[in-house]
Amino acid sequence: MASPPAAPTDAELITRVLLRDDRRAFGELVARHQSAVRGLLRRLTGGDLAQADDLAQETFLRAYRGLRGYRGGAKFSSWLYRIACNVFFSRDRGSREAPQEPPALEAGNAELALPDLVLERHDLEKALAALKPRERAALVLTYANELTHEEAAVVLDCPVGTLKTHVARAKEKLRRQLEETP
């Protein structure tokens, strides 16, 4: 009995897209990476699923249009994260509003008994939403997406030292804000 064929690598799929305009191959790339890209954007938008989905759609549209610009020096996922961060930063620059905070949750509400873990997550999302966009992105990329400082610096197009500064500032701000949370 023959074993099933191995799934094509990202590089093979990219080649098919570029050489044959194979949209199914691009669809497979999207399927492979959409969860991670949406997760990154959900964290960057303070848990706003609709906005994260819109930004993810824009990310993959830009990725498709700019695929010829992918040089393969970094992982494909890192290249997508960079596009996603740029889409987020573009949206953030265009918005004159303060960052969206998650809706208020109350532990004592008789109709809504929430476990402590949910309340802690809400507090964390609220604290993340208060960070500057680049600090938030640096923290999310290094902790939630588990990129190295070097990989995150490439994604954010900044020196490693700057990335480390963003992470340190973000951690300190989060610590202070979470200590103040009742």
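In this predicted model, R175 has a relative accessible area of 38% and therefore counts as partly exposed, since that class lies between the limits of 20% and 50%. Its side chain forms a salt bridge with E179, the closest N and O atoms being 2.9 Å apart, and E179, at 56% relative accessibility, counts as exposed. Both R175 and E179 belong to helix 8, where they stand four residues apart, or about one turn of the helix. Salt bridges that share partners join E172, R175, R176 and E179 into one network.

Within that network, the side chains of E172 and R176 meet in a salt bridge of 3.5 Å, taken from N to O, and these two residues also lie in helix 8, four residues apart. E172 is partly exposed, with a relative accessible area of 30%, and R176 is partly exposed as well, with a value of 41%. Side chains of opposite charge can pair when their charged atoms come close. Another such pair is formed by D21 and R23, whose side chains meet in a salt bridge at 3.6 Å, N to O; here D21 is partly exposed at 41%, whereas R23 is exposed at 57%. The count for the whole model comes to twelve salt bridges.

From these charged pairs we can turn to the interior. The largest nonpolar core has 46 residues, and those with the most contacts inside it are L41, C85, L141 and L156. Among the elements that give two or more residues to this core are helix 1 (10-20), helix 2 (23-44), helix 3 and helix 8 (160-180), while helix 4 gives the most, with ten residues. If neighbours within four places in sequence are left aside, L141 is in contact with L40, Y81, C85, E146, L147, A152, V155 and L156.

Is T59, a residue of helix 3 (residues 49-65), buried or exposed? With a relative accessible area of 0%, T59 is buried, because this value falls under the limit of 20%. Leaving aside its neighbours within four places in sequence, T59 is in contact with V37, L41, L80, I83, A84 and V87.

Finally, there is the matter of open space. Rolling a probe the size of a water molecule over the atoms shows where empty space is left. The largest pocket holds about 280 Å³ of space, and the elements that give two or more residues to its lining are helix 2, helix 5 and helix 6. Of the 13 residues that line this pocket, R43, L124, L128, V140 and A144 lie nearest its centre. Sorted by class, the lining has seven nonpolar, two polar and four charged residues.

Conventions: Residues are numbered from 1 along each chain as its sequence is written. This is a predicted model: local features need pLDDT of at least 70, side-chain atom pairs count only at pLDDT 80 or more; totals for chains, interfaces and linings use all residues. Side-chain values use heavy atoms; hydrogens and water are left out. Buried means under 20% relative accessible area, exposed over 50%, partly exposed in between (1.4 Å probe, protein chains only). Contact means heavy atoms within 4.5 Å. A nonpolar core is a set of buried Ala, Val, Leu, Ile, Met, Phe, Trp, Tyr and Cys residues joined through side-chain atoms within 4.5 Å. On a 1 Å grid over the protein atoms alone, a cavity is a set of points where a 1.4 Å probe fits but cannot get out, and a pocket is an open set with protein on both sides within 12 Å along at least five of seven lines; lining residues have an atom within 4 Å of a point. Grid points are joined across faces, edges and corners, and a volume is the space filled by probe spheres set on the points. Ala, Val, Leu, Ile, Met, Phe, Trp, Tyr, Cys and Pro count as nonpolar, Asp, Glu, Lys and Arg as charged, and the others, Gly among them, as polar. A salt bridge is a side-chain nitrogen of Lys or Arg within 4 Å of a carboxyl oxygen of Asp or Glu.
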